Amino acid sequence: MDNTLEEVVKYCGLQLEMYQRCVESNPTNWESACFKQKQALTKCSEENVEALRVPCLKDNQQEPEKCLESLKQLYECTQEAHDAYLKSKETPSTN
């Protein structure tokens with residue numbers, strides 16, 4: 001996963017930065033407010049990062065259900081990265 005994230009930063013750094021800024025600026029409604037930035041990051045990543053391409057779908061257009069496991073793994077990976085990013089932005093409580 002680390003290599004994948006490094007490739008995203010390398011090839012899609014601008015899109016990643018724009019998405020991060022949008023999320024930080026819209027903490028309560030970032031999912032809707034940052035939809036365009038998320039789409040741009042996703043498109044760039046899918047086009048430039050080999051690990052994020054889903055060739056299974058191209059190879060199995062008549063039977064896409066064969067790709068469910070690959071898609072599930074991709075979803076879990078992106079969800080982990082998303083959660084880690086949000087956690088890294090949490091401010092420590094001062095008691």
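Modeller: In this predicted model, Lys and Arg count as positive and Asp and Glu as negative.

Biologist: How far apart are the mean positions of the positive and negative charges of the chain?

Modeller: The chain carries 11 positive and 17 negative charges. Taking the mean position of each set, the distance between them is 5 Å.

Biologist: Which secondary structure elements make up the chain, and in what order do they run?

Modeller: The chain has zero strands and five helices. Read from the N terminus, the order is therefore α-α-α-α-α.

Biologist: What share of the residues of the chain counts as buried?

Modeller: A residue is buried when its relative accessible area is under 20%. The chain has 95 residues, and the share that counts as buried is 19%.

Biologist: How many disulfides does the structure hold?

Modeller: A disulfide is a covalent bond between the sulfur atoms of two cysteines. Cys12 and Cys44 form one, with their sulfur atoms 2.1 Å apart. Another joins Cys22 to Cys34, also with 2.1 Å from S to S. The number held by the structure is two.

Biologist: How many residues apart in sequence are the parts that Cys12 and Cys44 tie together?

Modeller: The link of Cys12 and Cys44 is left-handed, with -90° about the S-S bond. Cys12 belongs to helix α1, residues 2–25, and Cys44 to helix α3, so the disulfide ties together parts whose separation in sequence is 32 residues.

Biologist: Where does Cys34 lie, given that Cys22 lies in helix α1?

Modeller: The link of Cys22 and Cys34 has -95° about the S-S bond and is left-handed. This pair ties together parts 12 residues apart in sequence, because Cys22 lies in helix α1 and Cys34 in the loop between α2 (30–33) and α3.

Biologist: Is Cys34 buried or exposed?

Modeller: The cut-off for buried is under 20% relative accessible area. Cys34 has 1% relative accessibility, so Cys34 counts as buried.

Biologist: Is Ser45 buried or exposed?

Modeller: Ser45 lies in helix α3, which spans residues 35–48. Its relative accessibility is 6%, so Ser45 counts as buried.

Biologist: Which backbone oxygen does the side chain of Ser45 reach?

Modeller: The side chain of Ser45 comes to 2.8 Å from a backbone oxygen. That distance is within the 3.5 Å cut-off for a polar contact. The oxygen belongs to Leu41.

Biologist: Leaving aside neighbours within four places in sequence, which residues is Ser45 in contact with?

Modeller: Contact here requires heavy atoms within 4.5 Å. One of the residues is Cys12, which forms a disulfide with Cys44. In full, Ser45 is in contact with Val8, Cys12 and Leu52.

Technical notes. Residues are numbered from 1 along each chain as its sequence is written. This is a predicted model: local features need pLDDT of at least 70, side-chain atom pairs count only at pLDDT 80 or more; totals for chains, interfaces and linings use all residues. Side-chain values use heavy atoms; hydrogens and water are left out. Helices (H or I, at least four residues) and strands (E, at least two) are DSSP runs, numbered from the N terminus. Buried means under 20% relative accessible area, exposed over 50%, partly exposed in between (1.4 Å probe, protein chains only). A polar contact is a pair of N or O atoms within 3.5 Å; within protein, one must be able to donate a hydrogen and the other to accept it, and residues adjacent in sequence count only if both atoms are side-chain atoms. A disulfide is a pair of cysteine sulfur atoms within 2.5 Å. The place of a charge is taken as NZ of Lys, CZ of Arg, CG of Asp or CD of Glu.
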